[in-house]
Structure formats: C-alpha cells, structure tokens
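Please open the model in your viewer and keep the sequence panel beside it, as this tour will tell you what to select at each stop.

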Amino acid sequence: SGSVSWRPISLSQNYPTTGTTTGTTTTITTPLRYRYAYHTTTVRGAPAPEAMTEDTPMPLLLSTALPDITRLAIESPSTPTPPKDPKAPKDPTPFRFGTRLLTDPSSVFEHNAWDHVETDEAYRATSAAQISFQRSRPVDPFNKERFNSDPAKWWDDFYKNNTTNFFKDRRWLHQEFPLLETLTSQGAGRANIVELGCGAGNTLFPVLRLNRNEELCIHGCDFSRKAVELVCAQEEFRKEVKSGRVRASVYDLSQRDTLPEGVEEGSVDAVIMVFVFSALSPEQWADALANVRKMLKKGGKALFRDYGRGDLAQVRFKAGRYLEENFYVRGDGTRVYFFDEDELSTFPKGDFGGFRINDMGVDRRMLVNRKTQVKMYRCWMQAVFEKL
C-alpha cells in the first residue's frame, strides 16, 4: 500500500550499494554498518544465533521442493569455515558479521552462513502451513497454566541442568551496540549499566572483559535464582565485585513498579535486554517497560535484541507447544515469543510510552550445512530505545 521510499543511513563509513528493482519489489545488498531504512526498519549484520533448547531433528535435503518441517535443523554458524584447500593457510583477518553477501545463488554452499538473505518461497509456504498446524494443536489449558504461573521455576531448572555450559559468550555486543564501547572506554567517567536476564553471565562477563573505564558499574539481574548463583560463583565475578564494578541480584522485571536491588530510580545509562522480553508474555510487557524506563536516566538507552517472526526456531515447534499467537513453550518449560517490526515499533508508543526509537532493524541470516546441503533461515529483531 503506497509507494516504497528507501534512504541510506551511514553509521560510520560510506559504502557503495547495489540493488535491483522488478515491478514493485526492490532487492538491496548492503555491507555491515550501512543500512537501508524503510520507515523505522533497517538491516544489520547478524551475530551468531542463540542456542535453542529443542532437540535438533533430521536435516532436510535441498532437493525436497516443500520441506517437511520435522526435518529442518539448526546449525551454529560460529565455527569458522574451512578453506577449500585443507592444506592452504587460513585467512588471519577476523571475520565480521554482516559482511558476507550472497550475490551468486550457485555459491550458496561455499560458506556456512550468509547475511541479509530473504527466505525462499518453499520456506515461506512451509512456515505458513506449520504455524497453522501449531495453532490447531495448542498447549492444553492445564499445562498452559502450569507454564505461565511460575516461569522462574522453569528457568531455575534450566540452569540447574545446564549450568554455565549452554549459551556462548556474546562477544559481538560492542559491534552491535556502540554505546557499550563508549561507556566502557577509558576516561568515559561514571557509567551504570543494568543487564536484565543476565543468565549465567554470557553478556555480563564479555562487557567486563572489554571494560577500560574505572568508574563503570554493571549490575546483572535475573528472575532465576539459580542463574544469579552461577554468576556470583565465578572467579571473574568475585574478583570484580571487590572493586565495585559488578553486582548481581534476583529480580523479576515483570513485577509492577519495581527496581533491582541497589538500583536507584533514574540512575542507569544503559539497560541491556538481550533475549529477555521473549521470555515474558505480552501481558507483562507494559509493566516491564515501565520498570526499564524508571531505572534509566533521561536520555538513557534500552538495548534490545530478540527473536524475529518466522525464525526457524518458531517454525520448528511441533504440536502441544503453542501458547498463543507467536508465543510458545519449549520442551524444557521455558517460554519464547517471536517479534516483528510493526509490533516492536509500538513499544515506545501507546501503553508503553516514554521512549523514542533511535534504531530498529531486522537481522536475517541463512545458515548452510554444506555436507547435507540444508538451508536454514534465522531472524532476529534489534532496537535501541531512548528514554524521553
């Protein structure tokens, strides 16, 4: 509806762009940190995906025209792609996410992953059919109440079973959220960061390791008591806590009009919310965002990253996992929601007022299993909200 208007946004460097237009469809390829914006929607380079808790099913052969969803798989792209000649030396240049663009479809299996790749027709058809099936086989009322009544219990069980071994450290944070680099730089001055949903420390510790600011304090919070215990038990935490640069506490973000222990109203420069809101039900978002706004200074930023609509993790859910539209329960009892751009843009508006959108984007990535010739599509949402 209406015309489509694209405008370039240069974040750090000016890059050439290429694009093709057919009818009303425009296809753009763009390197890292150079985006095309459609209204508030942008494209970014994608970091390695978060690990999934579901079992990985059998892979799908490329020759299948319409894939059987039970055979789709998730492969982590974090393993470096081996050179074509095993005896040849590896390229010492560090890989940066968002820079690998698929310009020749015939070369799709030359690497493990490609950036800014839209889903193909077969995947879209399968996704629609699978989500329709999920709706027809929802979680029964008894179990729906069981999973929704005490979500912290399920995350406690998760961390008891997996301890610190499940998620990978998020070393890409400074690349995706430059504000963190600013706050942790030498001489930046007093800076307070709160991480919501700190888990076992896979965000908190990478930020601390890169910190050069003697006046930084980062406070990790999670509503899983077991997760906080895991953070506090690590030697790295015990060393830094003596300096006052790190704290951790149990905190339920969804509880109305609350703040983490030791965090004062209007005292925080940045709130990190990475794969946090997807664990909340939509009915909890308003209270959660009000709490985020309460802890932030005026002009403080909320750094958001979470699962996007149509991500392979959503499509793979089977019968008995659908709680409500785009909201599911995993096999371990933890919940997950999948966002889209229009929905996320309402966060600073309406019931969630008090913010403005500084940045919003969709990360799309195609992962490839070169041995079995499987293509897998991932999608994440990312945004920066500023407190007014």
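The tour begins with the whole chain and then visits a pair of helices and a small group of strands.

This is a predicted model, in which local features need pLDDT of at least 70 and side-chain atom pairs count only at pLDDT 80 or more, while totals for chains, interfaces and linings use all residues. Residues are numbered from 1 along each chain as its sequence is written, and side-chain values use heavy atoms, with hydrogens and water left out.

Select the whole chain, which has eleven helices and 16 strands; these are DSSP runs numbered from the N terminus, with helices (H or I) of at least four residues and strands (E) of at least two. Of the 388 residues in the chain, 49% are buried, meaning under 20% relative accessible area with a 1.4 Å probe, protein chains only.

Next, select helix α3 (residues 151–162) and helix α7 (residues 225–233), whose axes come within 7 Å and cross at roughly 40°. The axes are lines fitted to C-alpha atoms over the stretch in contact, and angles run from 0 to 180 degrees between N-to-C directions. That crossing makes α3 oblique to α7, a word for angles that are not under 35, over 145 or 65 to 115 degrees. Show the side chains of Asp156, Tyr159 and Lys160 in α3, which meet Arg225, Lys226, Ala227 and Leu230 in α7, where contact means heavy atoms within 4.5 Å.

Finally, select β12, β13 and β14, which form an open antiparallel sheet in that order; two strands pair if DSSP finds at least two bridges between them. Within the sheet, Phe327 stands opposite Tyr337 in β14, and three bridges join β13 (residues 327–329) to β14.

Conventions
Buried means under 20% relative accessible area, exposed over 50%, partly exposed in between (1.4 Å probe, protein chains only).
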